[in-house]
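Please examine the sequence and the three-dimensional structure shown below. The report that follows is written for a reader who is new to such descriptions.

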Amino acid sequence: MSDLTPTPTLPIPALLLAAGRGERMRPLTDHTPKPLLRVHDQPLLAWHLQALGQAGCARVVINTAWLGEQIQSHFGAGFDHPQGHIALRYSDEAADFGRALETAGGMARALPLLGPVFWLAAGDVFAPDFVFDPAAVARFVASPALAHLWLVPNPAHNPRGDFGLSEAGLALNLPPEAPGPRYTYSTIGLFRAELLGAPWTDLSPGNPRGAVAALAPLLRQAMDQGRVSASLYHGRWTDVGTPERLAELNRVPASGT
């Protein structure tokens with residue numbers, strides 16, 4: 001970490017991604033944003049908020065686009081949980097630009113509400129066993145990594161996986177012909193704001209022009225420089241991408257494995 005990089009204020013904030021249209025979830029998402037679809041009687045997004053609250057997180061930013069007004073109306077300015085209260089802010093990409101900005105574009109847009117280091121999680125992923133561990137934050141802050149990703153064993157819908165993992169704990173941008181296992185990015189990670197600026201991208205701070213940008217190319221660039229670390233997560237995890245996966249989740253008891 002550069003001497004010019006601000007020191008993170010602990011506990012760090014989180015950005016929850018909730019802007020997508022959810023095309024594969026139609027018709028469920030024609031009138032309900034995917035993060036508000038219910039798993040075991042509460043919205044998907046609430047599972048992340050509860051886990052963040054248990055870890056002491058007090059500030060969360062939610063980016064929105066498709067039907068984002070429903071998300072803001074449902075959660076309002078705060079989320080109460082047994083351990084306390086989380087203040088919620090919104091990065092409304094639809095209101096600002098009329099469209100979602102994809103993951104990196106949305107992250108860059110939300111940076112002024114976040115800070116130098118933050119958690120990232122997709123609001124349409126069910127991972128009830130994941131712990132937003134303050135010790136993991138401390139290790140990340142002390143490291144030179146620009147991102148730390150949690151990888152999962154490949155689900156049926158992504159059999160080839162996304163990234164490799166070295167014995168030293170680095171995420172690997174493996175070419176298609178490379179041997180060795182690949183794992184799927186869980187869409188949960190720790191990030192430095194530095195990844196959203198030069199030399200990794202030409203996005204302007206805060207993305208005031210609303211540039212649309214994907215995250216994977218930035219991660220692959222940083223992996224090639226040894227700047228992305230990773231861990232394997234073996235808890236329950238589902239990318240709730242289709243009505244069938246949502247129905248299956250709700251068939252299994254919340255405490256099931």
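The sections below describe the sheet, the cores, one helix and the salt bridges.

## The sheet

The structure is a predicted model. It contains an open sheet of eight strands with mixed pairing, in the order 5-6-4-1-7-12-9-13. Strand 5 (78-81) and strand 13 form the edges, since each of them pairs on one side only. From one strand to the next, the twist averages 25°.

Five bridges join strand 9 and strand 13, which pair in the parallel sense. H148 has S229, in strand 13, as its bridge partner. Helix 5 (residues 134-141) packs on the sheet, where it touches strand 7 (117-122), strand 9 and strand 12. The direction of helix 5 makes about 60° with that of strand 12.

## The nonpolar cores

The largest nonpolar core has 37 residues. The residues with the most contacts inside this core are L52, V60, I62, F75, L88 and W119. Helix 1 (residues 44-54) supplies the largest share of the core, namely five residues. Another core, of 31 residues, lies apart from it; A110, L196, A213 and M223 are among its members.

F75 illustrates how a residue of the largest core is surrounded. Residues up to four places away in sequence being left out of the count, F75 touches L36, P43, L45, A46, L49, L88 and Y90. One of these partners, L88, is itself listed with the residues that have the most contacts inside the core.

## The buried side of helix 6

Which residues of helix 6 (residues 216-224) are buried? They are L218, L219, A222 and M223. These residues lie on the same side of helix 6, because they cover an arc of only 135° around the axis. A general rule is of help here: an α-helix has 3.6 residues a turn, so residues three or four places apart point the same way.

Several elements cover the buried residues of helix 6, including helix 4, strand 9 (147-152), strand 11 (171-172), strand 12 (184-192) and strand 13 (228-232). One of those buried residues, M223, also belongs to the core of 31 residues. After helix 6 comes G226, whose phi is positive, near 70°.

## Salt bridges

How many salt bridges does a search of the whole structure find? It finds five, and three of them are described here, beginning with D96 and R109. The side chains of D96 and R109 meet at 3.2 Å, N to O. D96 lies in helix 3 (residues 93-97) and R109 in helix 4 (residues 102-110), so this pair ties together parts that are 13 residues apart in sequence. D96 is partly exposed, with a relative accessible area of 40%, and R109 is partly exposed as well, with 23%.

A salt bridge also joins the side chains of D239 and R245, at 4.0 Å, N to O. Are these residues buried or exposed? D239 counts as buried, at 18% relative accessibility, and R245 counts as buried at 18%; the cut-off for buried is under 20%.

In the salt bridge between E248 and R251, the closest N and O atoms are 2.6 Å apart. Both residues lie in helix 7 (residues 243-251), where E248 and R251 are three residues apart, about one turn of the helix. E248 is partly exposed, with a relative accessible area of 39%, whereas R251 counts as exposed at 58% relative accessibility.

Technical notes: Residues numbered from 1 in each chain as written. Predicted model: local features only at pLDDT ≥ 70, side-chain atom pairs only at ≥ 80, totals over all residues. Heavy atoms only, no water. Core = buried A, V, L, I, M, F, W, Y, C linked by side-chain atoms within 4.5 Å. Buried < 20%, exposed > 50% of the residue type's maximum accessible area, 1.4 Å probe, protein only. Helix = DSSP H or I, 4+ residues; strand = E, 2+ residues; numbered from the N terminus. Contact = heavy atoms within 4.5 Å. Arc of directions from axis to C-beta. Pairing = 2+ DSSP bridges. Axes fitted to C-alpha atoms, helices over the stretch in contact; angles between N-to-C directions.
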